[in-house]
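Reader: Please take a close look at one part of this model, the surroundings of the ligand. I would also like to know how that part connects to the rest of the chain.

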Amino acid sequence: MERDQKLTKEIITLSNKIGIDIIGFADPKWYIRYKEEHRPNNYLKNVRTVIIIGIHLYDIILDAWSLDLTIGKSFHYLDSILENRAHNIKDFLLKKGFNSKIIPYGPGLFLKDSAALAGLGPIGKNNLFISKKFGCQVRLRAIVTEAPLITGVPIENSEYCRDCNICFSKCPAGALTKDGYNRQACESYCLSNLNKLSKYTSIWCNICIEACPHSKKCDLI
Ligand code: B12
C-alpha cells in the first residue's frame, strides 16, 4: 500500500487545530533495533506508522507529577493533556477506517528515539530530544496506526550541540559527560531532590532541559 499524502496533511491540520505543537511520523521498520516489547507491532499487528506528538512545556507547573490516592497511581499533568489529544487523532483515524492505539507510558515505545526516527530533531548531548522550535522543552507521546502516513527521515546527529558542553557542567548529578549519560546517577539525584509542591505533587529535576541554550531561546514563546 502506498503512503497517503492527503491523509498525512489532514492529520497535521487536525493536530494544529487541537493544540499539538509538534507532530511527526516514523516508519515501524526502524524499531528493529529494540527489544520486542518496545516495537510498534507489539501494540498493533498491522501497524504502518508511528505518530509522535509533542506539546511545549511552556510552564514548569505542567511538569508536575501528582499521586491520585483513589487509584494509587501517579499522573503527569502534561502527559494527561497529551493523552487526551492522542484520543482525538485516534478517533479521526478510526472514522477514516484505520485502527490505532495510544501507546502506554511503560514499557511503551521510546519516545525521544521515536521523535528522532520521525525526523523531528536530534537527541542532544543532554540525552534529550531537541525540537527545532521548542528545544528540549517538550513532552512526547506516541500513537501507532494502520494508516500509511508519509514518514520522516531519521536524524542521528545533533546539529545544535557541536562544541557546546553546557549541560555537562550544569547537571547537578554529574550524569552527563563526554562518555554519555549515567542513568543511575540521574535517577538517584532526581529522586532525592524532588521539588515538593504539596503532599501529593512534585516536580522532577529539569536542569538539563533548562540549561540547554537551544531550549532557552524558546522561553518567551
Ligand atoms: C525511564 C525514563 C527516565 C529514567 C531513565 C532515563 C533514561 N534515559 O534512561 C529517569 C527517571 C532517570 C528519567 C529522567 C528524566 N526524564 Co525521562 N523518561 C524515561 C522513559 C520512560 C524511557 C527512557 C528510555 O529508556 N529511553 C530509551 C533508551 C534506549 O534511551 P537512552 O539510553 O536514554 O538514550 C539513547 C538513545 O536515545 C540513543 N540515541 C541517541 N541518538 C539517537 C538517534 C536516533 C535516531 C535513535 C533511534 C537513538 C539515538 O542513544 C542514547 C544513549 O544510549 C521516557 C518515556 C518513554 N517512554 O520513552 C522518559 C523521557 C525520556 N523523560 C523525559 C524527561 C523530560 C526526563 C527528565 C528531564 C526528568 C523530568 N523532568 O521529567 C530527566 C532527564 C534525563 C536525561 N537527560 O536523559 C522526556 C524527554 C523529553 C525530551 N525532550 O527528550 C521523556 C521522553 C518523557 C516524555 N513523555 O516526554 N527518565
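Author: In this predicted model, 33 residues lie around the ligand, and those that come nearest are Leu111, Ile123, Asn127, Leu128 and Phe129. Two or more residues of this shell are given by each of helix H3 (111–117), strand E6 (138–145), strand E8 (180–181), helix H5 (183–192) and helix H6 (207–211). H3 supplies the largest share, five residues. By residue type, the shell holds 19 nonpolar, six polar and eight charged residues.

The shell leads on to the nonpolar core. Phe129, one of the residues nearest the ligand, is also among the four residues that touch the most other members of the largest nonpolar core, along with Ile51, Ile52 and Ala142. That core has 47 residues. Strand E1 (22–26), strand E2 (49–56), helix H2 (77–95), H3, E6 and H6 each give two or more residues to this core. H3, E6 and H6 are also among the elements with two or more residues in the shell around the ligand.

Ile51 shows how these pieces meet. Leaving aside residues up to four places away in sequence, Ile51 touches Ile23, Phe25, Ile89, Ala142, Ile143 and Thr145. Ile23 and Phe25 sit on one side of E1, while Ile22, Gly24 and Ala26 sit on the other. In a regular strand, side chains alternate between the two faces of the sheet. Here both faces of E1 are covered, as the residues on each side are all buried. E1 is largely enclosed by the rest of the structure because five of its five residues are buried. E1 pairs with E2 in the antiparallel sense over five bridges, and Ile22 has Gly54 of E2 as its bridge partner.

Tyr43 lies in the loop between E1 and E2. Tyr43 counts as buried because 20 other C-beta atoms lie within 10 Å, and the cut-off is 20 or more. Its contacts, not counting residues up to four places away in sequence, are Lys101, Ile103 and Val144. The C-alpha atom of Tyr43 is separated by 24 Å from that of Leu128, which is 85 residues away along the chain; Leu128 is one of the residues that come nearest the ligand.

A further part of the fold is an open sheet of four strands in the order E4-E3-E10-E9, with antiparallel pairing. Its edge strands are E4 and strand E9 (195–196), each pairing on one side only. Strand E3 (residues 64–68) is joined to E4 (residues 73–76) by four bridges, and one bridge pair is Asp68 with Lys73. Four residues lie between the strands of this hairpin, where Gly72 takes a positive phi near 70°. At the other edge, two bridges join E9 to strand E10 (residues 201–203), and Lys196 has Ser202 as its partner.

As for the chain as a whole, the protein has seven helices and ten strands. Its radius of gyration of 18 Å agrees with a compact globule, because a globule of 221 residues would have a value near 17 Å. The C-alpha trace spans about 50 × 45 × 35 Å along its principal axes. Buried residues make up 33% of the 221 residues. Of the contacts between residues at least 6 apart in sequence, 74% join residues at least 24 apart.

Definitions and conventions:
Residues numbered from 1 in each chain as written. Predicted model: local features only at pLDDT ≥ 70, side-chain atom pairs only at ≥ 80, totals over all residues. Pairing = 2+ DSSP bridges. Near = placed C-beta within 6 Å. Nonpolar A, V, L, I, M, F, W, Y, C, P; charged D, E, K, R; others polar. Rg over C-alpha atoms; globule rule 2.2 N^0.38 Å. Buried ≥ 20, exposed ≤ 12 C-beta atoms within 10 Å, placed from the backbone. Contact = placed C-beta atoms within 7 Å. Core = buried A, V, L, I, M, F, W, Y, C linked by C-beta atoms within 7 Å.
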